[in-house]
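Welcome to a short tour of a protein model. Keep the 3D view open and turn it as you read, looking for each residue as it is named.

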Amino acid sequence: MGIFSLTACQSLPPIKTVEQVDLDRFMGDWYVIAAIPTFIEKDPYNPVERYEKTSDGSIATTFTFNQGSFTGPLKVYHPTGFIVPGTGNAEWRMQFVWPFKSEYLIAYLDQDYQHTIIARNKRDYVWLMSRKPTLDQASYEQLVARIRAMGYDTSKLEVFKHQPQ
């Protein structure tokens with residue numbers, strides 16, 4: 001019991017974010033390929049997260065998906081992203097309901113701004129996103145390996161379906 005208690009109490013190191021995010025390049029549509037989802041992401045089809053810079057420096061976010069099927073009811077959420085100063089634009093706080101803000105860490109971003117991983121230090125939620133609605137198997141496996149290396153239980157990842165474009 002003593003060894004189990006010690007290991008159970010050990011915490012994982014903070015997730016390392018990317019050094020710098022060019023916000024202009026990061027803005028636009030991101031297809032959510034897989035996630036350890038939140039409770040609002042119940043049975044999503046065609047999930048897309050869209051980011052737009054606002055004049056006050058925040059990030060207007062629109063998250064949309066069809067619930068239950070490709071023709072299911074359209075769900076739309078409008079959280080606001082707030083960039084944490086001094087983080088190279090890689091750490092945000094996402095606000096769905098005032099005054100609560102959730103951690104949003106850009107933990108991986110490829111140099112072409114085609115794939116990203118959004119993580120949280122609690123390792124409770126994670127999002128693997130792409131600029132395209134599909135991802136080849138090799139790229140997917142590499143990105144999942146990155147998520148696993150961050151300390152996530154990748155058996156909890158759910159792969160989301162997107163209609164071919």
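By class, the lining of the largest pocket has 15 nonpolar, 3 polar and 4 charged residues. Keep in mind throughout that this is a predicted model.

**The largest pocket**

Let's stay with this pocket for a moment. The space inside it comes to about 460 Å³. There are 22 lining residues, and those closest to the centre of the pocket are Thr38, Met94, Phe96, Ser102 and Trp127. Which strands each supply at least two residues of the lining? They are β2 (44–53), β6 (91–97), β7 (100–109) and β9 (126–130).

**Charged partners**

Next, look at the charges. Side chains of opposite charge can pair when their charged atoms come close. In this model the count comes to 5 salt bridges. Three of them are set out below.

| Salt bridge | Closest N to O distance |
|---|---|
| Lys53 and Asp24 | 2.6 Å |
| Glu52 and Arg50 | 3.4 Å |
| Arg93 and Glu91 | 2.8 Å |

Start with Lys53 and Asp24, whose side chains meet in a salt bridge. This pair links distant parts of the chain, with Lys53 in strand β2 and Asp24 in helix α2 (residues 23–26), 29 residues apart. Are the two partners buried, partly exposed or exposed? Lys53 has a relative accessible area of 45%, so it is partly exposed. Asp24 reaches 56%, and because exposed means over 50%, Asp24 is exposed.

Now find the salt bridge between Glu52 and Arg50. Glu52 is partly exposed at 39% relative accessible area, and Arg50 is partly exposed too, at 34%. Salt bridges with shared partners join Asp29, Arg50 and Glu52 into one network.

The last pair in the table brings us to Arg93, which lies in strand β6 and forms a salt bridge with Glu91. Arg93 has a relative accessible area of 25% and counts as partly exposed. For a sense of scale, pick out Arg93 and Ser139 in the 3D view: their C-alpha atoms are separated by 28 Å, and the two residues are 46 apart along the chain.

**Rings in pairs**

Aromatic side chains deserve a stop of their own. A pair of aromatic rings is described by the distance of the centres and the angle of the planes. A search of the whole structure finds 10 aromatic pairs. One of them is the tilted pair of Phe63 and Phe65, with 5.3 Å from centre to centre and 50 degrees between the planes. Both Phe63 and Phe65 are buried.

Phe65 also pairs with Tyr77. How are these two rings arranged, stacked or tilted? The pair of Phe65 and Tyr77 is stacked, with 6.4 Å between the centres and 25 degrees between the planes. Phe65 lies in strand β3 (residues 59–67) and Tyr77 in strand β4 (residues 74–77), so this pair ties together parts that are 12 residues apart in sequence. The two partners can be described by their accessibility as well: Phe65 is buried, with a relative accessible area of 1%, whereas Tyr77 is partly exposed at 25%.

Elsewhere, ring pairs link Phe26, Trp30, Tyr51, Trp92 and Tyr104 into a cluster. A ring can also have a charge for company: the charged end of Lys101 sits over the ring of Phe82, 4.1 Å from the ring centre.

**Two backbone angles to look up**

To finish, turn to the backbone. Most residues other than glycine have a negative phi. Which residue in the loop between β1 (28–36) and β2 has a positive value? Asp43 does, with phi near 55 degrees, and it is found in that loop. Asp43 is partly exposed, at 41% relative accessibility.

Arg123 also has a positive phi, about 60 degrees, although it is not a glycine. You will find Arg123 in the loop between β8 (115–119) and β9. Is Arg123 buried or exposed? Its relative accessibility is 14%, and because buried means under 20%, Arg123 counts as buried.

Key
Residues numbered from 1 in each chain as written. Predicted model: local features only at pLDDT ≥ 70, side-chain atom pairs only at ≥ 80, totals over all residues. Heavy atoms only, no water. 1 Å grid on protein atoms, 1.4 Å probe; cavity = no way out; pocket = protein on both sides within 12 Å on 5 of 7 lines; lining within 4 Å. Points joined across faces, edges and corners; volume = space filled by probe spheres on them. Helix = DSSP H or I, 4+ residues; strand = E, 2+ residues; numbered from the N terminus. Nonpolar A, V, L, I, M, F, W, Y, C, P; charged D, E, K, R; others polar. Salt bridge = Lys/Arg side-chain N within 4 Å of Asp/Glu carboxyl O. Buried < 20%, exposed > 50% of the residue type's maximum accessible area, 1.4 Å probe, protein only. Phe/Tyr/Trp six-rings, centres within 6.5 Å; stacked < 30°, edge-to-face > 60°. Lys NZ or Arg CZ within 6 Å of the ring centre and 35° of its normal.
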